[in-house]
Amino acid sequence: MRNLVPFNKRKDELLPIGFQNMLDDFFADGWPFTRSLAGDTFKIDIKENDNEYTIDAELPGITKEEVFLSFEDGTLKLGFNKEEVKDESTDHYIHKERRSSSALRNIYLKDATAEGIKARLDNGVLNVIVPKKAHADNAIQIEVE
């Protein structure tokens with residue numbers, strides 16, 4: 001039993017490079033053939049109080065120039081587009097996984113207003129504060145006869 005080692009941890013090279021990672025991805029959580037939207041996009045947390053919504057989005061490795069943020073008709077569109085830097089040098093890669101990627105999340109925020117939205121990217125976390133519309137107190141007293 002001591003000789004049992006996970007297949008992708010064996011020292012001998014039985015399969016081409018990259019095939020082990022493909023097998024790991026295939027047999028990952030959610031097998032068989034179920035993909036999770038949460039696993040395919042970036043993670044977000046949404047908090048609400050009486051005055052505003054606060055959205056925190058995990059965007060590790062993304063710069064503020066790569067972030068896309070817009071607000072229209074109560075929907076906050078939050079995403080990024082990261083382009084791969086082409087390496088034209090003569091480096092000999094054995095394995096390379098970095099590539100271009102993009103993702104977009106649409107978040108409907110009831111009673112949100114576009115005026116005063118603030119966004120800040122700090123240590124891979126995008127923090128967006130979206131104010132709520134001010135509601136007039138329309139309550140009236142009705143006298144009972």
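## A charge over an aromatic ring

Let's start with a cation and a ring: the charged end of Arg105 sits over the ring of Phe42, at 6.0 Å from its centre. This comes from a predicted model, so please read every value here as computed from predicted coordinates. A second contact of this kind involves Lys132, which lies over the face of Tyr53, 4.9 Å from the ring centre.

## Phe42 and its aromatic partner

Phe42 also takes part in an aromatic pair, and the count for the model comes to 1 such pair. With ring centres 5.9 Å apart and planes at 50°, Phe42 and Phe80 make a tilted pair, because that angle falls between the 30 degrees below which planes count as stacked and the 60 above which they count as edge-to-face. A pair of aromatic rings is described by exactly these two quantities, the distance of the centres and the angle of the planes.

Where do Phe42 and Phe80 lie? Phe42 is in the loop between α2 (37-40) and β1 (44-48), while Phe80 belongs to strand β4, so the pair ties together parts that are 38 residues apart in sequence. Both Phe42 and Phe80 are buried.

## Strand β4 and its neighbours

Strand β4 (residues 75-82) runs antiparallel to β3, and 6 bridges join the two. Within this pairing, Ser70 has Lys77 in β4 as its bridge partner. β3 and β4 form a hairpin with 2 residues between them, and Asp73 in the turn has a positive phi of about 50°.

β4 is also joined to β5 (residues 101-108), by 8 bridges and again in antiparallel fashion. Here the bridge partner of Lys82 is Ser101 in β5.

## Glu66, a buried acid

Glu66 is found in the loop between β2 (52-58) and β3 (67-72). Is Glu66 buried or exposed? Its relative accessible area is 19%, so Glu66 counts as buried, the cut-off being under 20%. Leaving aside residues up to four places away in sequence, Glu66 touches Gly61, Gly79, Phe80, Asn81 and Lys82. Among them is Phe80, the residue whose ring pairs with that of Phe42.

## The four-stranded open sheet

Elsewhere, 4 strands form an open sheet in the order β1-β2-β7-β6, with antiparallel pairing. The edge strands are β1 and β6 (118-122), each of which pairs on one side only. From one strand to the next, the twist averages 15°.

Inside this sheet, 7 bridges join β2 to β7 (residues 125-131), and the two run antiparallel. Ala57 stands opposite Leu126 in β7.

Terms used
Residues are numbered from 1 along each chain as its sequence is written. This is a predicted model: local features need pLDDT of at least 70, side-chain atom pairs count only at pLDDT 80 or more; totals for chains, interfaces and linings use all residues. Side-chain values use heavy atoms; hydrogens and water are left out. Buried means under 20% relative accessible area, exposed over 50%, partly exposed in between (1.4 Å probe, protein chains only). Contact means heavy atoms within 4.5 Å. Two strands pair if DSSP finds at least two bridges between them. Rings of Phe, Tyr and Trp (its six-membered ring) pair if their centres lie within 6.5 Å; planes under 30 degrees apart count as stacked, over 60 as edge-to-face and the rest as tilted. A charge sits over a ring if NZ of Lys or CZ of Arg is within 6 Å of the ring centre and within 35 degrees of the ring normal. Axes are lines fitted to C-alpha atoms, for helices over the stretch in contact, and angles run from 0 to 180 degrees between N-to-C directions.
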